[in-house]
Amino acid sequence: MKNVAIRRWAVGAAGMVLGLGVVGCGVEKGGSSAADHAPGAEIAARTASAATPTPKSPTQRPLTQDQLEQTVADERDLPGLNVTKLGSGTDGFGDGTVSALHEEATRPVSCAPVSAAVSGGASRYAPIGSVTRMAQSKDGTSTFHLVSYRAADAVRVMDELRSALATCTTYTVKWPTDTTFEDLQPTGDPHRGDEGVSFRLDLVSSSPGDDDPVRLLQSFQVIRSGSTVAVFSAFDTEAHRIEEVPAALVKAQMKVLGTGGHRS
């Protein structure tokens, strides 16, 4: 056994940071959407299912960074809920740091929308604002991200993610060396917000020369409410088993988003 405890902690930390958004690379300057000729746009167009119903488009104005921070669920919405900020914004993650990503960092590029969602709700579209939190309650622990997009971009983020989930099973990203995500499986659509998808995958990490990789099983729910995309994730570092995103947290957070945030 090769420092299994240390490696398991390291992989857990890696999964956490990946979930928090490895968002510093490939930032698109200027606050506009990524170029329309990006490879993923063509792939998404080719793979989109004609059978997928058209979701309701956002009608309200996108939330600003300040407004988004007022929509974070807390114990007013779910008794016993403890929500903690993650990152100060100076270390590559935290409020307001999600940035548009280069799809070329993911192989195959057809999996880029999944990779972006795993990276804290990032996408190839430049966001207006974002928040990153850890939530703890009697039902478990989860990380979640709220990312505000321009209305049309929020719909595109979900369309492209749904298309990618139809074909993507394994992909690799550089963090900071190649990290592989395997056994990607859609797990149904959450009945919250305006539309949503859920999936699970294995983060596989091993040291050079190590033939005993550590697997981190992660579950995700990605839900759009208006022009805000919420990404919830959970994982278990103690055993290779699925850890579900707490349903009560998702319900509480989506309710706050649906009502426009706290009034006081």
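Colleague: In this predicted model, what is the order of the strands in the open sheet of 9 strands?

Modeller: The pairing in this open sheet is antiparallel. At its edges sit E1 (82-85) and E2 (106-107), each pairing on one side only. Reading across, the order is E1-E3-E4-E9-E8-E7-E6-E5-E2.

Colleague: How many bridges join E3 to E4?

Modeller: E3 covers residues 129-137 and runs antiparallel to E4. Within this pairing, Ser-130 stands opposite Val-147 in E4. The bridges joining E3 to E4 number 9.

Colleague: OK, now the helices. At about what angle does H6 run to E9?

Modeller: Take H5 first: H5 lies across E6, E7, E8 and E9, and runs at about 55 degrees to E7. Helix H6, residues 247-259, lies across E3, E4, E8 and E9. Its angle to E9 is about 165 degrees.

Colleague: Which element gives the most residues to the largest nonpolar core?

Modeller: That core has 32 residues, and Val-114, Val-118, Tyr-171, Phe-199, Leu-201, Val-222 and Val-229 have the most contacts inside it. Elements giving two or more residues include helix H4 (112-118), helix H5 (151-165) and strand E7 (195-205). With 6 residues, the top contributor is H5.

Colleague: And how many residues does the other core have, the one with Leu-63 and Val-250?

Modeller: This other core lies apart from the largest one. Val-131 and Ala-230 are also among its members. Its residue count is 21.

Colleague: Is the ring pair of Phe-199 and Phe-220 stacked or edge-to-face?

Modeller: A search of the whole structure turns up 3 aromatic pairs. For Phe-199 and Phe-220, the ring centres are 5.1 Å apart and the planes are at 15 degrees. Planes under 30 degrees apart count as stacked, so this pair is stacked.

Colleague: How far apart in sequence are the parts that this pair ties together?

Modeller: Phe-199 and Phe-220 are both buried. Phe-199 belongs to strand E7 and Phe-220 to strand E8, so the pair links parts of the chain whose separation in sequence is 21 residues.

Colleague: What about Ser-142: buried or exposed?

Modeller: Ser-142 sits in strand E4, residues 140-148. Leaving aside neighbours within four places in sequence, its contacts include Met-134, Phe-232, Val-245 and Leu-249. Its relative accessibility is 2%, and the cut-off is under 20%, so Ser-142 counts as buried.

Colleague: Which residue's backbone oxygen does the Ser-142 side chain reach?

Modeller: Among the residues in contact with Ser-142 are Ser-233 and Ala-234. The side chain of Ser-142 gets to a backbone oxygen at 2.6 Å, and that oxygen belongs to Ser-233.

Key: Residues numbered from 1 in each chain as written. Predicted model: local features only at pLDDT ≥ 70, side-chain atom pairs only at ≥ 80, totals over all residues. Heavy atoms only, no water. Core = buried A, V, L, I, M, F, W, Y, C linked by side-chain atoms within 4.5 Å. Buried < 20%, exposed > 50% of the residue type's maximum accessible area, 1.4 Å probe, protein only. Helix = DSSP H or I, 4+ residues; strand = E, 2+ residues; numbered from the N terminus. Polar contact = N/O pair within 3.5 Å; in protein donor to acceptor, adjacent residues only side chain to side chain. Contact = heavy atoms within 4.5 Å. Phe/Tyr/Trp six-rings, centres within 6.5 Å; stacked < 30°, edge-to-face > 60°. Pairing = 2+ DSSP bridges. Axes fitted to C-alpha atoms, helices over the stretch in contact; angles between N-to-C directions.
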